[in-house]
Amino acid sequence: MTPLLTDIQLERQRRWFKESFDHLLAIAQSSTCGETGVILSSGYQVFKEVPAERRPYWAEYVLGFRDLSDREMKRFPGHKFGQAFTTVKCECTTYLPWLEKRFRKAGGEIQQGKVSDLQHLADSYDIVVNCSGLGARSLVGDATVHPVRGQILKFHAPWVKNFIRDGDGHTYIYPGVNSVTLGGTRQAGDWRLQVDAGDREGILERCFRLDPSLRGGRVLGEWVGLRPGRESPRVEVEQLKTPGGREVPLVHNYGHGGWGVSLAWGTALDALGLVRQALNQRPPMARL
């Protein structure tokens, strides 16, 4: 099977995806799912040309993966192949505050401030974990990190129950808890955070072609964000050397691009393993 991330071993990618999917699936099936923004979602991925690999590696982890029948494909003119499956949808505007609440309840503390040099942190902590996303470009000098601009629309169309995603990744329809998300764009190297009217019209036109019933809905809002693009996520450890001669472990976990939700929990578990390994190999810093 072809890996999605070319310089990450396939088995490692499998583990990242499976651990992330299983984590979100457990939430979606729990009594607390209503406050998390994580829900089960069934739908279709369709392709204008038959892909070289008809069954991606993640097919064994999602639920009910199968090819679409010829009759089902008639719904999608201009597309030659499709897949159906059930996955999980994570609405991060709800999910992230819920995670923060869990973190604080477990005794975690959040300090807000500007970090321009990790060396300053090394003077005060036994270990530093770098999850700076796009900021890693300047914070650790990683020139391979770049913005991938995404623009989406929140849309009122409560009759739409199934997601539809074009296999090229540029057009998608994702029903959520209170609205439908229409997208999108993947504009590498684009730092603009302003809504673009041309992108809006393009998104609507493409999504209306995928599901003509959307023409009866209306736009509720628009949003632009910058994905932290990189060829593959960086999940590894190195040593920070302070002017005083101390070496402090620095664990990196950034560069997920458009795979943030799909791989986040798995890469976080990898990073946690690196943290534990690093702390077990060195004594804690004395604070006198």
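Here is a short chat about salt bridges, one helix and some aromatic rings in this predicted model.

Me: Hi! What kind of model is this, and what pLDDT do local features need?
Reply: The model is predicted, local features need pLDDT of at least 70, side-chain atom pairs count only at pLDDT 80 or more, and totals for chains, interfaces and linings use all residues. Residues are numbered from 1 along each chain as its sequence is written, and side-chain values use heavy atoms, with hydrogens and water left out.

Me: Cool. How many salt bridges are there?
Reply: The count is 22 salt bridges, where a salt bridge is a side-chain nitrogen of Lys or Arg within 4 Å of a carboxyl oxygen of Asp or Glu.

Me: What does Asp-166 pair with?
Reply: Asp-166 forms a salt bridge with Lys-48, and their closest N and O atoms are 2.6 Å apart. Asp-166 is in strand S6 (residues 163-166) and Lys-48 is in the loop between strands S1 (38-47) and S2 (63-67), so the pair ties together parts 118 residues apart in sequence. Strands here are DSSP runs of E with at least two residues, helices are runs of H or I with at least four, and both are numbered from the N terminus.

Me: Is Asp-166 buried or exposed?
Reply: Asp-166 counts as buried at 5% relative accessibility, while Lys-48 is partly exposed at 40%. Buried means under 20% relative accessible area, exposed over 50%, and partly exposed in between, using a 1.4 Å probe and protein chains only.

Me: Which residues make up the salt-bridge network?
Reply: Arg-149, Asp-190, Arg-192, Asp-196 and Asp-199 are linked in that network. Asp-196 also caps the N-terminal end of helix H6, with a side-chain oxygen 2.8 Å from the backbone nitrogen of Gly-198. Asp-199 is among the buried residues of H6.

Me: What is the span of H6?
Reply: Helix H6 (residues 197-210) has 14 residues and its end C-alpha atoms are 20 Å apart, which agrees with the expected 20 Å. The expected span is 1.5 Å times one less than the number of residues.

Me: New topic: how many aromatic pairs are there?
Reply: A search of the whole structure finds 14. Rings of Phe, Tyr and Trp (its six-membered ring) pair if their centres lie within 6.5 Å; planes under 30 degrees apart count as stacked, over 60 as edge-to-face and the rest as tilted.

Me: How do Phe-17 and Tyr-61 sit?
Reply: Their ring centres are 6.2 Å apart and their planes are at 35°, so the pair is tilted. Phe-17 is in helix H1 (residues 10-28) and Tyr-61 is in the loop between S1 and S2, 44 residues apart. Both Phe-17 and Tyr-61 are buried.

Conventions:
A polar contact is a pair of N or O atoms within 3.5 Å; within protein, one must be able to donate a hydrogen and the other to accept it, and residues adjacent in sequence count only if both atoms are side-chain atoms.
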